[in-house]
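Let's take a walk through this structure together. Have the sequence and the 3D view open as you read.

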Amino acid sequence: MELAQDQLGTQVKAQVKNFSFFYGSNKAIKDVDLEVLDCKVTSMIGPSGCGKTTLLRCFNRMHDLYPGTRYEGEILLESQNLLSLDPIEVRMRIGMVFQKPNPFPKSIFENIAYGLRIRGVKDKGVINERVERALRDAAIWDEVKDRLKDMAFNLSGGQQQRLCIARALATDPEILLFDEPTSALDPIATASIEELVIGLKGKVTILIVTHNMQQAVRISDYTAFMYLGELVEFDRTDVIFNNAAQQRTREYVSGQFG
Amino acid sequence: MALYGRKIGHRLGVSLLGLAALLVAIVLVALFLTLVVAAWPAIARFGWGLIGAAGWAPNRQVFGLGPALYGTVVSGVLALGLAVPVGVGVALLLTEEFVFLPRSLQGICGFLIDLLAAIPSVVYGLWGIFVLIPALGPLAAWLHGVLGDWVLFATPFLGRGMLPAVLVLALMVLPTIAAIARQSLGSLDRELRVAAMAVGATRWEAVRGVLLPAAGTRILGGVLLALGRALGETMAVTMLIGNVPDRIEASLLAPSSTIASLIANEFAEARGLQVAVLMYGALVLLGLVAGVHGLAEGILQWRSPTGNGRP
Ligand SMILES: Nc1ncnc2c1ncn2[C@@H]1O[C@H](COP(=O)(O)OP(=O)(O)OP(=O)(O)O)[C@@H](O)[C@H]1O
Ligand SMILES: [Mg+2]
């Protein structure tokens, strides 16, 4: 779907074109067209099983880890089709934060440094500096700066999730993908993650899957509504929630199904 | 009344369990004490010195457990040195999907590895004598020819010796290591590998940098259990190692001995002090194996928070 107005001055970071995805013979994403705008937050909403996670994982080629999956169409990252790039290269450029916090069984510091190390960064000063910057950007620096050598598992769930965000931020991703990052967290931890996502606007392009419609309203600039593997409607978040063009979207955002 | 009956049943059950545990403890203590008693003449005569001494001539009452102890430790450690990379490699192949092995093929591979553990020791020994040693001949001759200046290959290959014993031992402990490595890797959270790859790691980087360190303590515990088994392995080693207990020989091509093989080889004709010396050897072996097992259990119990994925 093209955004006619309101995108003057904003660039398209990624463009999904005539895109389908298959688990074996099951077509889980059906002919989707979508534009992800640079340095904005775009949320994906829709009833359970509509394909939000599936579409999100196409962006960093996570499906390549499993046999029998197939992509069709294009996802352009700037002007390169990321479906024809090496999946490792794609994952080096596009970060991901998962539903359940999943830190490595390493120290807080090493969790963040890992991504830098596999990219061949050896200089200690550079690593220290980028770890600190990532932790600051993920709004967790003050809480962990005195215990960087502690195991990451000793952090609370919300802190672990912010650590995972820092881990993804440390390598300067072009796009950051979030899959229901707050669904395993309590309201306070959720609020801090939302605040952090809002703080990242203007620095990194964010694509976030959420079940929580208030959350989509609070944090996202654009919203995509999916249903049964199709993209039903994509527009500015306020339009989707107040003035949607499609009947189905209006029904879903007003809580009539899903 | 019914409750009374159930309480009796409970007491009876607990007592039986306690009795069983006590029995095990009694048997262990009795075993140890009878060994000490039987070994006493040798302990009294040689003291600690026997453990390190070299020389073996029972008719002249010359004894030393040093060469056998050396052979025990060296054969065990070398066998593990070979088996650990292979076993962990097999485990990685079966759990980490470096290649998309079909489930059925994974199952078959796992089964075959487990089957290695079920083959009786004597069959390994037989196979070693009639298949492995003849096959090793040319390779050993080549090693001695080319690397003969090096102490490890300094003697000509005589057939039975350290090399075939080590190779067969490695094969015998392989299933233990593969099984434990597989379990340890398999028990890691699936999310962990996905997380590593999402950061941009290749499968190998994920394995090396995240998964192996996470499973490492448990794998190490398993490796030590396997070492315990290798140190005490008797039949196959006795058939293959050549049983020369009187000197320490660094060459892998030369015959050697282990404590277990020494005992198995000599107990039938042993008389008097020689029996006591063999019992002394049994005590040394027991101590060694108990130490290794204790260390393994310690590591497995300790199991740092990294060992098991998230709490
Ligand atoms: N690994 C898989 N193999 C086969 N089909 C799958 C797989 N994962 C998901 N699907 C199917 O693809 C469709 C989309 O699933 P997906 O997980 O993307 O939904 P979702 O919108 O993220 O749902 P939720 O809100 O519950 O997380 C569903 O019909 C699901 O059954
Ligand atoms: Mg989902």
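**Starting from the sheet**

In this predicted model, chain A has an open sheet of four strands, with antiparallel pairing and the order β2-β1-β4-β5. Why do β2 and β5 of chain A each have one side without a neighbour in the sheet? They stand at the edges, each with a single partner strand, so one side of each is left free of a neighbour there.

Now look at β1 of chain A, residues 12–23. It pairs with β2(A) in the antiparallel sense, over eight bridges. In this part of the chain, A:Y23 stands opposite A:N26 in β2(A). Packed on the sheet you'll find α1(A), which touches β1, β2 and β4 of chain A. The direction of α1(A) makes about 60 degrees with that of β2(A).

Next comes ligand 1. The residues around ligand 1 include A:Y23 and A:N26, along with A:K52, A:T53, A:T54 and A:H211. Which elements of chain A each supply at least two residues of this shell? They are β2 (26–37) and α1 (52–59), and α1(A) gives the most, with three residues. Sort the shell by character and you get three nonpolar residues, eight polar and one charged.

Finally, see where the two chains meet. The contact takes 21 residues from chain A and 19 residues from chain B. On the chain B side, α7 (190–198) and α8 (203–232) each supply at least two residues, and α7(B) gives the most, with six. That side of chain B divides into 12 nonpolar, four polar and three charged residues.

Key
Residues numbered from 1 in each chain as written. Chains lettered and ligands numbered in written order. Predicted model: local features only at pLDDT ≥ 70, side-chain atom pairs only at ≥ 80, totals over all residues. Near = placed C-beta within 6 Å. Nonpolar A, V, L, I, M, F, W, Y, C, P; charged D, E, K, R; others polar. Contact = placed C-beta atoms within 7 Å. Pairing = 2+ DSSP bridges. Axes fitted to C-alpha atoms, helices over the stretch in contact; angles between N-to-C directions.
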